Amino acid sequence: MDSTTIVEIIAYSLPSLITGSVAYFLFNSHFKDQQNTRRWLLQKDNQSATLPLRLQAYERLTLLMERINPSQLMVRINPISDDKTEYQNFVIAQIEQEFEHNLAQQVYISDECWSIIVTAKNATIQMIRLAARNEKVKSADGLRELVIADLLEKPSPSSAALAFIKNEVGQLW
């Protein structure tokens, strides 16, 4: 085999290889584009079904944050006796009951949002427990007054969670 034959083979093979590789890349990009289009259409169809469920979950969690807001709790839940510990336990039980009633909503929201909601619930419980430990508080009414007075100085844990929920809902649009 002489050099002219090798040059002829290369001259005929090179355009074929270039054409084949261009065709491969074009078909590959076309198939990827088709796959992305199908995925987008499927996601669009699913979003129309899941969006109302997600919005309902955010609504329920907003309601949860409003209901466990310490100022709302102290006004809504009247003491059943004058004992501050009994009232503390009753209020915490109400918070836990509200929270358990909305546990399933975590499926429809982001993990970050759920962790902020859990943190707000725990911070609210902690706020009530700290107020009950205060030596100045002698009765259930004193506990109510102290918790409400604390909220005048700092925002409630629920307000931060509500702001996050509103922000996340705003990102859905």
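**A tour of the helical chain**

Start with the whole protein chain, coloured by secondary structure: read along the sequence, the pattern is α-α-α-α-α-α. That gives six helices and zero strands. The radius of gyration is 31 Å, well over the 16 Å that the globule rule gives for 173 residues, so the chain is more spread out than a compact globule. The model is a predicted one.

Next, keep the C-alpha trace alone and orient the view along its principal axes. The trace spans about 110 × 35 × 25 Å.

Then switch on contacts. Of those with a separation of 6 or more, 75% are between residues 24 or more positions apart in the protein chain.

Now show the surface. The accessible surface of the protein chain is about 11500 Å², and carbon and sulfur atoms hold 57% of that area. Colour by burial as well: 31% of the 173 residues are buried.

Select the charged side chains. The protein chain carries 17 positive and 20 negative ones. How far apart do the centres of the two sets lie? The distance between these centres is 3 Å.

Select helix α1, which covers residues 3-67, and pick out Gln-47 within that helix. Is Gln-47 buried or exposed? Neither label applies: the relative accessibility of Gln-47 is 41%, so this residue counts as partly exposed; the class lies between the buried limit of under 20% and the exposed limit of over 50%.

For the last stop, add Asn-167 to the selection and draw a distance between the two C-alpha atoms. Gln-47 and Asn-167 are 120 residues apart along the chain, and their C-alpha atoms are separated by 19 Å.

How values were computed
Residues are numbered from 1 along each chain as its sequence is written. This is a predicted model: local features need pLDDT of at least 70, side-chain atom pairs count only at pLDDT 80 or more; totals for chains, interfaces and linings use all residues. Side-chain values use heavy atoms; hydrogens and water are left out. Helices (H or I, at least four residues) and strands (E, at least two) are DSSP runs, numbered from the N terminus. The radius of gyration is taken over C-alpha atoms; the globule rule is 2.2 Å times the number of residues to the power 0.38. Buried means under 20% relative accessible area, exposed over 50%, partly exposed in between (1.4 Å probe, protein chains only). Contact means heavy atoms within 4.5 Å. Accessible areas come from the Shrake-Rupley method with a 1.4 Å probe; for residues, only the protein chains shown count as cover. Lys and Arg count as positive and Asp and Glu as negative; His and the chain ends are not counted. The place of a charge is taken as NZ of Lys, CZ of Arg, CG of Asp or CD of Glu.
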